[in-house]
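Colleague: I would like a close look at one part of this model, with the surroundings filled in afterwards. Please keep it plain.

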Amino acid sequence: MKRFWKFFVFLALFSQSGELLAEQHVRIAVGRFQAQIHIQGKDLKIQPMDLPAFTAANELKCTPASKGFRCGGKLLLTNKLRVSSAGRLKLNNHEYRRELELISRTHKNKEEVLVVHPIPLEEYLVGIVSSEVPSSWPLEALKAQAIAARTFALWKKYERIDLPYHMESTVLDQVYSGASREFDSARKAVRQTYGEILTHRHRPIHAYFHSTCGKQTESAEEGWGMSLSYLPGSKCPNCKVSDRHGWSTQIPQTQIDQAFKSLLGEKVKEIKILSRSKSGRMKKVALIGRNKKKTVTGVDIRRMLGYSKLRSTLVTEMAKNSKGFVFKGRGSGHGVGMCQWGAKGMADLGRSAEEILSHYYPKTRVRRMY
Ligand SMILES: [Zn+2]
């Protein structure tokens, strides 16, 4: 209920004409550790919650401990540490500005340390646009990406307002690689769209996007059973230049059997596509063994085989050979919302960021949030 009220207050403020909000911040999960965490940075300041602060010259090594952390031989009985530096903080070959939070928690019966990076939304977006699409793309495509990513981040923030973080730093949400991956063209796109988000009936939309649709994007209804009128699926003739437009992959029989072992309980003899969505993506698929048969969704098949193995559910041909199964298909990603390569194609043809966005997210408008 608490979460609902926060979101409600936000929407009420935002819906009032001309009312601008304060600049937003977001919290990004940048790591999870069950063993040692190694943070490097100049003149580190460590502030454990409810305990005295201390400093470390160039590095901090901590391990999860029961009800806290063990840092440099010291046991700290607290569930949160703030690590800050006037310079950059380095963790897992990524760099971050200002501050990282280490949160001690039990997750799936294991003690772990969750590392969260709090960051102003506009600064985060420069990193997102730099990581999600090539910096050499036309400015209007980068601006469309910035607006979509800002909208996505804001929606996630209010959906997870009471959680320790709002977004993952991986393809599960949006790919964020830290402060060392920031390009001037992305900075320009974010600056030129400052505070702009996509709205439908005064609300920020679920601004999904993906790499390459392969001819037509998927409706949210058919892809995920979400009834969202601004994600109806759009024709996309402009992503042909993507190297992911058409693909073929051989998956060995052993990997197929392993992937579906818990579901079918025996070797997979045949995989049959039973139905397809309007855009041609697999909807229902039958897994057939010697004695058993199971029906699953196309989305499940892709998740079980691995997102990198099966690039999309738009499988156009499937055949069995002596080594296993060969899948031929088009596109990369879930196919819902803006096709990034299609957006690039539209920008190459002279379309503006707003035209690109209204093509992939019809019935929406761009509004300035702050
Ligand atoms: Zn496309």
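Where does Lys215 lie?

Modeller: Lys215 is in the loop between β14 (209-210) and α5 (220-224). The model is a predicted one. The backbone at Lys215 has a positive phi of about 135 degrees, although the residue is not a glycine. As background, most residues other than glycine have a negative phi. Lys215 has 19 other C-beta atoms within 10 Å, and because burial takes 20 or more, Lys215 counts as partly exposed.

Asn109 is another non-glycine residue with a positive phi, of about 65 degrees. Asn109 sits in the loop between β9 (94-107) and β10 (110-120). Asn109 has 5 C-beta neighbours inside 10 Å and therefore counts as exposed.

A positive phi also occurs in the turn between β5 and β6, where Lys67 has a value of about 60 degrees. These two strands form a hairpin with 2 residues between them. Their pairing is antiparallel and covers 4 bridges, with Thr63 standing opposite Arg70 in β6. Strand β6 spans residues 68-71.

Strand β5 itself covers residues 59-65, and its side chains alternate. Leu60, Cys62 and Pro64 point to one face and are buried. Glu59, Lys61, Thr63 and Ala65 point to the other face and are not buried. Thr63, which faces Arg70 across the hairpin, thus belongs to the face that is not buried. β5 also pairs with β2 (residues 37-40), again in the antiparallel sense and over 4 bridges. In that pairing Ile39 stands opposite Leu60, one of the buried residues of β5.

Elsewhere, β16, β17 and β18 make up an open sheet of 3 strands in that order, with antiparallel pairing. Its edge strands are β16 (270-276) and β18 (293-297), each of which pairs on one side only. From one strand to the next the twist averages 25 degrees. Between β16 and β17 (residues 282-288) there are 6 bridges, and Arg276 stands opposite Met282 in β17.

As for the overall layout, the domain assignment gives domain 1 as 25-119, domain 2 as 122-207 + 335-368, and domain 3 as 246-330. The C-alpha centres of domain 2 and domain 3 are 32 Å apart.

Note on methods:
Residues numbered from 1 in each chain as written. Predicted model: local features only at pLDDT ≥ 70, side-chain atom pairs only at ≥ 80, totals over all residues. Domains from an automatic or database assignment. Buried ≥ 20, exposed ≤ 12 C-beta atoms within 10 Å, placed from the backbone. Pairing = 2+ DSSP bridges. Axes fitted to C-alpha atoms, helices over the stretch in contact; angles between N-to-C directions.
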